[in-house]
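Colleague: I am new to reading structures, and I would like to go through one feature at a time. Could you show me the model and take me from the backbone to the core?

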Amino acid sequence: MDGDKVKGLSIGVNQRGVRNHNERLLLSMVLRHGALPGSDLARMAGLSPQTVSVILRKLENDGLLARGEPQRGRVGKPSIPMDLSPEGVFAFGLKIGRRSAELLLLNFKGRVIRQLHLSYAYPSPEVVFGFLENGIDTLMQELSTAQQERLCGIGVASPFELWKWHDLSGPAAEDFSSWQDIHFADEVAKFSALPLFVCNDATAACRAEHLYGLGKEYRDYAYVYIGSFIGGGVVLNHTVFEGNQGNAGALGSLRSTGPLGESRQLIDVASLHLLEARLVEVGLDPKQLWRQPQDWSALSRYVDPWIGETAQELAKAALSICSVIDFEAILIDGAFPAAVRVELVDRVRRYLVTQDTRGLLTPRIEAGEIGFNARAIGAASGPIFSQFFLNTNAGLSSV
């Protein structure tokens, strides 16, 4: 497939992509609870069985829902659960990171069809958008013509004010700072007509956890994602809250204190770049932190102290977060192996017991489930969520 075909690709699914409230409501309920029969959906949604039946039939005809096996054992005729169709829609998701980029193709049920990876010394615009253009071409080949017509957009997860997050100098610094003048929509429009959805990378990770991970179990919670830099997200009323300027949940900017009492940010004391720097100090290659599949067992001498220090900071941050909104839980995830995540969460719980919690309701501390891929999956879910699921915070982000 050449670039012209990518650019001219039909976005037929978007012609019917604007669902009404009740359609979004039923799709969101199926996403959250799994396959359900119409009778259960009607009861949970407070709609009449006839109304739900009409909507389900329409969503099935549109290819968004698929019938499951009839459930027998109840009085009357067998009920037929309805589930999201994996073939319903597809989306691309790009994560722009400090050391690497990930591009993946996601289906309607949140499954990654295929993924591409790119490592670099730093993310220059030319390299990143070249990777996106060529990657879309490659991933498109995984889809039939009918499936290509169900592509609903491209999501990009990028750090807020990306051009500030570097320690480069000379020509490289100038190249990196050019991100300040980059308009994502204009760059992507050069090679694709698909709708573009851009959001903060940590917010994207939060959305992935909320849609496909442990986040389904909580109504209101804060989410922490630790990559090269720590960030976060906020979920209110079962929906990720992005804020008036798309920067809600900027937990990396929470105040902390340095060893000499100086004012610091959480990003300075609880990020993976600190572990990278320690490895460099002792003559080890920090790239091994990012190799897939991740295995940090040989680095325990350096990883364990980092976990301890980070856990102390997260315990203090958790209470600061909950002093504003009494979240049910704080979910913690990051670009590290599952064993590291489990140990980090366990230590945060232990440190939290020693904190001064007067006037606060202590939140649950739980481990996220998505892991390394959360930002890219969250990016791809942006176009899907925006067009097909219910945003219960609609209106809260506008003036």
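Modeller: Let us begin with a residue in a loop: histidine 238 lies in the loop between S10 and S11. Please keep in mind that what you see is a predicted model.

Colleague: What is the phi of histidine 238, and is the residue buried or exposed, or something in between?

Modeller: Phi is a backbone angle, and here the sign is what we read: histidine 238 has a positive phi of about 65°, although it is not a glycine. Its relative accessible area is 32%, so it counts as partly exposed, a class that runs from 20% to 50%.

Colleague: Which value does phi take in asparagine 237, and where is that residue found?

Modeller: Asparagine 237 also belongs to the loop between strand S10 (230-236) and strand S11 (239-240), and its phi is near 55°, a positive value in a residue other than glycine. With a relative accessible area of 24%, asparagine 237 is partly exposed.

Colleague: Which peptide bond joins glutamine 292 and proline 293?

Modeller: For a peptide bond we read the angle omega, and between glutamine 292 and proline 293 omega is about -5°, a cis peptide bond. Proline 293 sits in the loop between helix H12 (272-281) and H13.

Colleague: How should I read a nonpolar core, and how many residues has the largest one here?

Modeller: In soluble globular proteins, nonpolar side chains tend to be buried together. In this model the largest nonpolar core has 90 residues, and those with the most contacts inside it include Leu27, Phe108, Ile226 and Leu272. Helix H13 (residues 300-322) supplies the largest share of this core, namely 12 residues. There is also a second, separate core of 28 residues, which includes Phe90, Val128, Phe129 and Leu143.

Colleague: Which residues is isoleucine 226 in contact with, once its neighbours within four places in sequence are left aside?

Modeller: A contact list shows which parts of the chain meet, and for isoleucine 226 the list includes Ala270, Ser271 and Leu272, then Trp306, Thr310 and Leu314, and also Asp333, Gly334, Ala335, Phe336 and Leu344.

Colleague: Is tryptophan 179 buried or exposed, and what does it touch?

Modeller: Tryptophan 179 is found in the loop between helix H8 (171-177) and helix H9 (184-189), and its relative accessible area is 3%, so it falls under the 20% cut-off and counts as buried. Not counting residues up to four places away in sequence, tryptophan 179 touches several residues, among them Ile96, Pro125, Val128, Phe129, Leu162 and Phe184. Distance along the chain and distance in space can be read side by side: tryptophan 179 and lysine 164 are 15 residues apart in sequence and 9.2 Å apart in space, C-alpha to C-alpha.

Colleague: Where is the place of proline 125, and which residues does it touch?

Modeller: Proline 125 belongs to helix H6 (residues 125-140) and is buried, with a relative accessible area of 8%. Leaving out residues up to four places away in sequence, proline 125 touches Asp175, Ser178, Trp179 and Ile182.

Colleague: How many residues line the second largest pocket, and which element gives the most to that lining?

Modeller: A pocket can be described by its volume and by its lining, and the second largest one has a volume of about 410 Å³. It is lined by 14 residues, of which Gly38, Ser53, Leu56, Arg67 and Ile80 lie nearest its centre. Helix H4 (38-45) and helix H5 (49-61) are the elements that give two or more residues to the lining, and H5 gives the most, with five residues. By class, the lining has six nonpolar, four polar and four charged residues.

Definitions and conventions. Residues numbered from 1 in each chain as written. Predicted model: local features only at pLDDT ≥ 70, side-chain atom pairs only at ≥ 80, totals over all residues. Heavy atoms only, no water. Core = buried A, V, L, I, M, F, W, Y, C linked by side-chain atoms within 4.5 Å. Buried < 20%, exposed > 50% of the residue type's maximum accessible area, 1.4 Å probe, protein only. Helix = DSSP H or I, 4+ residues; strand = E, 2+ residues; numbered from the N terminus. Contact = heavy atoms within 4.5 Å. 1 Å grid on protein atoms, 1.4 Å probe; cavity = no way out; pocket = protein on both sides within 12 Å on 5 of 7 lines; lining within 4 Å. Points joined across faces, edges and corners; volume = space filled by probe spheres on them. Nonpolar A, V, L, I, M, F, W, Y, C, P; charged D, E, K, R; others polar.
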